[in-house]
Amino acid sequence: MNFKTQPVRTVDNRAQPDWWRGAVIYQVYPRSYQDSNGDGIGDLKGIAQRLPHIASLGVDAIWISPFFKSPMKDFGYDVSDYCDVDLMFGTLADFDDLLDKAHKLGMRVMVDLVLSHTSDQHPWFQESCQDHKNAKSDWYVWAEPKPDGTPPNNWLSIFGGSAWHWDGRREQYYLHNFLTSQPDLNFHNEEVQNALLDVAKFWLKRGVDGFRLDTINFYFHDQKLRDNPPLPVKRRNATIAPRVNPYNHQDHQYDKNQPENLAFLRSLRSVMEPYGAAAVGEVGDAQYGLEILGQYTAGDDLMHMCYAFEFLANAKPTASDVETVMDRVDEVAADGWSCWAFSNHDTVRHPSRWNLSDEGLKMMTVLMMCWRGSACIYQGEELGLPEAEVAFEELQDPYGIEFWPKFKGRDGCRTPMPWETQSEFSGFGENKPWLPVSPKHMEMAVDRQEEDPDAILHHYRRAIRFRHENPALRSGTQSPMKADGGLLIFTREHEGETYFCAFNLGDDVATVAAQTGSWQSIGADLGSVQDDLTNPVTLNPWQFLIAMKPKG
Ligand code: BGC
Ligand code: MG
């Protein structure tokens, strides 16, 4: 299918304020999408060149990971100027051009604001660390040592070690939830809040359609700096930090998830409102993630959606896992909206993580398009790429270097996008890229898949189109899910139309009981089993069935 044959969708956020609900969002990791100037690193001009590919998928929006000025210690998630483009990625004019081209192709653009912390190279921190009296002295979280010189409390950094780093100039510790070069901003200071709201306004005025908000539940910390209690061993999930990380040993009651955050999120929303822009806030919490998602997306004056980690876990979800998650969402976020992802720039790509066959991968994609919530697709996911192997000597990610070899870091999901099977660097760029192109990925390159109607790439296009053609899947109500062995069943409803969805996530043949009513099988081109639902229907592992009952 050629993207030119797609109906042109207009981008008018004021006229379509609910555009984000049920949207499919394509995540671009700019370092690894397309290098246009031969320096081995992807850039904004490169992304602009590849927009027709993204549009061909039929997605509603693009989320671009950070491209702001940065010393790149955490590859852009350490910002030293929120209102400028890093030279490595291009210029503000390149961004304007990319935005304009995306809009002409009917796609919205969401930029990734990393507001919780800055780089230690940010002028705000450079000033703050000088002494106790400067104008920015309270813009970061500074604290006295304990009498014995050790850090003020037991808080840990996700990237390893204490969350406190000693600074000789102030003879104080400062807080960092990630690298020591990512000092945490003090949101309890109103000047800080206002400066960050100005950052959001800057991008909104440039015409962006929304934000992906990094680590949104880390904005505030407990001002009393109380110790986090230990987390009982049986509650130690590892969804946001790898299992080997002692960050999982704490119940994060005080270093994040503070109630003051709601008022700030409200201010942020009111800045976005006049532009019809939407936000997806990333909630990183292995214990309370869905509860916080519910809190932050309730009503219509906080976040539009929150990004959930439930399906980024290591274990392949079973039917009953999906049922448990969706039940919990109904319970704690009935009024809210989630945004689901199977893969991203922080996690092992899901075909490898879950050891999926092509059939399994195809079915999971359809499931994500049928259940309630918006969806994020990570670059290369549309090709079914497995995790790339990156040798220790080639590692770039400080997180992987810290916890190697039990956790290999995030480089394996960040290698360059494979465009052409035959070119030396798979069409990513003219010169050696910053991470190696995976030989396995080259065989799965876009040009090869374009030629094969059964390829994963065409399946993603069909699945996304299926969601768009059936409004019930995009924004309809959803019945409670029912797991029966490996079988997962639910319905979606919108304006009198009902959709019946049955997916076999198990290893055995499953039987869907006969249903009353006049059901029509749909989704044949996706591989949905076409059978008469008035009789029991058998589904093999990874088979699914979608049927529709029209109005009346
Ligand atoms: C981003 C990571 C980043 C971290 C710190 C996240 O959740 O997705 O890539 O390292 O925030 O900014
Ligand atoms: Mg480049």
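**Exercise 1. Find what follows helix H5 and check the helix's length, start and covered residues.**

Start at the far end: Gly 207 comes right after H5, and its phi is positive, near 110 degrees. Keep in mind that this is a predicted model.

Next, the length. H5 covers residues 190–206, which is 17 residues. The rule takes 1.5 Å times one less than the number of residues, so the expected span is 24 Å; the end C-alpha atoms sit 25 Å apart, and that agrees.

Now go to the start of H5. There, a side-chain oxygen of Asn 189 comes to within 2.8 Å of the backbone nitrogen of Glu 191.

Last, the covered residues. Buried means under 20% relative accessible area. In H5 that list includes Val 192, Ala 195, Leu 196, Val 199, Ala 200 and Trp 203. For reading such a list, remember that residues three or four places apart in an α-helix point the same way, because there are 3.6 residues a turn.

**Exercise 2. Work out which residues hold the magnesium ion (ligand 2), and say whether Asp 39 and Asp 43 are buried or partly exposed.**

Begin with the donors: Asp 35 (OD), Asn 37 (OD1), Asp 39 (OD), Ile 41 (O) and Asp 43 (OD) lie 2.1 to 2.3 Å from the ion. Along the chain, their spacing reads D-x1-N-x1-D-x1-I-x1-D.

Then take the two aspartates. Asp 43 has a relative accessible area of 2%, so it is buried. Asp 39 comes out at 36%, so it counts as partly exposed.

**Exercise 3. Describe the surroundings of ligand 1 and how much of the ligand the protein buries.**

First, the neighbours: 13 residues surround ligand 1, and the closest are Asp 74, Asp 214, Glu 282, His 345 and Asp 346.

Second, the polar contacts. A polar side-chain atom of Asp 346 lies 2.5 Å from an oxygen atom of ligand 1. For His 117, the distance from a polar side-chain atom to a ligand 1 oxygen is 2.9 Å, and for Arg 410 it is also 2.9 Å.

Third, the area: on its own, ligand 1 exposes 310 Å², and the protein buries 96% of that.

**Exercise 4. Place strand E1 among its partners and check its two faces.**

Partners first. E1 (residues 24–28) runs parallel to E13 (residues 374–378), with four bridges between them, and Val 24 stands opposite Ala 375. E1 also runs parallel to E2 (residues 61–64), again with four bridges; here Val 28 stands opposite Ile 64.

Now the faces. Side chains in a regular strand alternate between the two faces of the sheet. In E1, Val 24, Tyr 26 and Val 28 are on one side and Ile 25 and Gln 27 on the other, and all are buried.

Conventions. Residues numbered from 1 in each chain as written. Chains lettered and ligands numbered in written order. Predicted model: local features only at pLDDT ≥ 70, side-chain atom pairs only at ≥ 80, totals over all residues. Heavy atoms only, no water. Donors = N, O, S within 2.8 Å, 3.2 Å for Na, K, Ca; no water. Buried < 20%, exposed > 50% of the residue type's maximum accessible area, 1.4 Å probe, protein only. Polar contact = N/O pair within 3.5 Å; in protein donor to acceptor, adjacent residues only side chain to side chain. Near = heavy atom within 4 Å. Areas by Shrake-Rupley, 256 points an atom, 1.4 Å probe, with all protein chains shown as cover. Pairing = 2+ DSSP bridges.
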